[in-house]
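Welcome! Please take a look at the sequence and the structure below, and then read on for a short tour.

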Amino acid sequence: MPSCNFSARWAFSILARYFLLRGMSTKSQTPYQIIIGGFHRSGTSLTTQYLHHAGLELGGTLMGANPSNPDGHFEDRDIVELHKRMLAANHRDWYTPGPGLSDNVQGFDEQARDILQKFPADRSMGFKDPRSSLFLSWWHRLLDRPAAVFVFRHYAACYHSLRSRQAQNLTFHPERHADALFFWQQPELALRLWLDYNRAIIDYVKRHRETTLLVSHGSLLNGLNLPQLLNRKLGMTLDENCNSGIRLSDSSIPGIAEPIDLALQSELDATLATLNELSSTEAEPESQPAQSQPHRNEPNPEALLPTLQNMEILCDGLRIKKVADTLDSVQTESADKVGAENASDTGLADHSDDVKQLLHWGKQHKNAGHPSDAEACFIKAQQLAPRNKSALLHLALLARDGRQYRKSESYLQSLIDLVPDNVSYILYLARVQNELGDPQNALATVQRGLSRQPAHEALNLLLVELLQAEGRYQDAKEACMKALAASPEQEKLIKAMVQLAARTEDSASAMNWFRRSVVMRMRQQQDYRLSLRHAINRVRENQQMPLLQQICTELESLKASVSCDETAASDITRQKV
């Protein structure tokens, strides 16, 4: 009997151990969901880029590059928008977070789960947004198997980097500069935000040391093998020999010229010391900068004049002038042209009254969502006036809206037979042929239209789109460059070049074309230079000179890149000729 009890206990022990190990094995195989956080301008983008190169899944809807992040943000758009909605629900923004946000979020769980479902369930994923640092306990509760990677940077470096980025935003969008000016109007704002974000990170790290990495910005620049560190910590299988994508930069930290409240300075230094103590690496910590002497001299308004004149010269070099009169004349000309076209489309004189009424009724039915009644009106109008272009065009577009592409194609062919040189009808036909799954015919139709009007923006855009769809990226780039050489002011074509350069992994060229698209938008703004002056006047007098100098730096960069790309476009055209 004792022997029997012993055997039973032994068998039970073996079974218990088996199921325990099986449970542990199953848990260890569950992919991690990694929060990547840190304060803005701390290096979260370069950290996430490194992990992405090592094989970490980040989703397919990543935000693109811009001048402050030339390699991209590596942020999932849906998660960024979720964080914005969560902040708005608390009447906050990223620059006005305040404490306790992570505990005051309700009603967003299902939205977050819906976003997470798009990530592959069979391998580890990560998402990056500095705002996630404000909602750490909420994310930890929500995720199936949470882990975290945080990066921190010296507060002085974040301070200067934030102000530089906001100066860029002001340069690109002077009409929307309210938040850009906050960091110049309130010099301590960036420092207090740095405290809010990093205190939340410290609190999380202390509670979840076993699944959290905290690394310094300096250690990444000095060659820290982050994938190796994460593999050892979490048992992952990231590529430890991948190219990090991190470019070396000047690691020196300028001091803060403005006087800082002594209590705030003490909090900043203490928080930085805690971050260095909790860091997962043995690399040299984020060190203190050499303190600059604060500018206590009274500002001299006359000292701004040479730099203001330089700004005016740079704007002239970018052909940015007061464009109000030009815009008014273009709008007037466009309105006159539309009126003339409408007047010519009324149909044959013998039936003009009937045709007008039928076309009017057809539009009304179409707008009301009654396509069959609209079609009956347009058909009757076309029967009364067989050569009426408006009736045929409405029938073609109505058929296209109803996915009756063959019928739409037939109407458009009839239109082109009536007016062979109308490039707009040719464009509609090419689009319908593409929607029919006939890209070769669509391409031939586009080429026919371009032979009549080589600088037609929409046709050139469709040509680029069709070439891209066939995987002919180099041909698409050349077509885009050729169109831009003929019409260098076409903003949509410039945006297409940004995408093509990014698609072919030419990040430097993509950034240059991005800057050129910015210049196009700047040229279209009324009184751009006056907007800049108003913005400069809104900051403190002792802040005006550094802001103005930063704006001039951005304008010089824009001017250089635009000049370079316009030359390249001209070269492509000469080669083609």
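## A walk through the sheet and a helix pair

I36 of strand β1 (residues 33-37) stands opposite V149 in β3. Residues are numbered from 1 along each chain as its sequence is written, and side-chain values use heavy atoms, with hydrogens and water left out. This is a predicted model, where local features need pLDDT of at least 70, side-chain atom pairs count only at pLDDT 80 or more, and totals for chains, interfaces and linings use all residues.

Let us begin with the whole chain. Its secondary structure comes to 25 helices and four strands; here helices (H or I, at least four residues) and strands (E, at least two) are DSSP runs, numbered from the N terminus. Of the 577 residues in the chain, 46% are buried, where buried means under 20% relative accessible area with a 1.4 Å probe, counting protein chains only. Contact means heavy atoms within 4.5 Å. Among the contacts in the chain with a separation of 6 or more, 73% are between residues 24 or more positions apart.

Now for the strands. In what order do the four strands of the open sheet lie? The order is β2-β1-β3-β4, and the pairing is parallel. Two strands pair if DSSP finds at least two bridges between them. At the edges are β2 (125-128) and β4 (212-216), each of which pairs on one side only. From one strand to the next, the twist averages 15 degrees.

Strand β1 is joined to β3 (residues 146-152) by five bridges and to β2 by four bridges. Here are some residues that face each other:

| Residue in β1 | Partner | Strand of partner |
|---|---|---|
| Q33 | P146 | β3 |
| I34 | G126 | β2 |
| I36 | V149 | β3 |

Why is β1 largely enclosed by the rest of the structure? Five of the five residues of β1 are buried, so the strand is largely enclosed. In a regular strand the side chains alternate between the two faces of the sheet. In β1, Q33, I35 and G37 lie on one side and I34 and I36 on the other, and all are buried. Strand β2 is also covered on both faces, with M125 and F127 on one side and G126 and K128 on the other, all buried.

Next, a pair of helices. The axes of α8 (residues 189-207) and α11 (residues 262-278) come within 10 Å and cross at roughly 35 degrees. Axes are lines fitted to C-alpha atoms, for helices over the stretch in contact, and angles run from 0 to 180 degrees between N-to-C directions. The residues that make this contact include L191, W194 and L195 of α8 and L264, E267 and L268 of α11.

Finally, how many disulfides does the structure hold? The number is zero, a disulfide being a pair of cysteine sulfur atoms within 2.5 Å. C158 is buried, with a relative accessible area of 1%, and C480 is buried with 0%.

Methods. Buried < 20%, exposed > 50% of the residue type's maximum accessible area, 1.4 Å probe, protein only.
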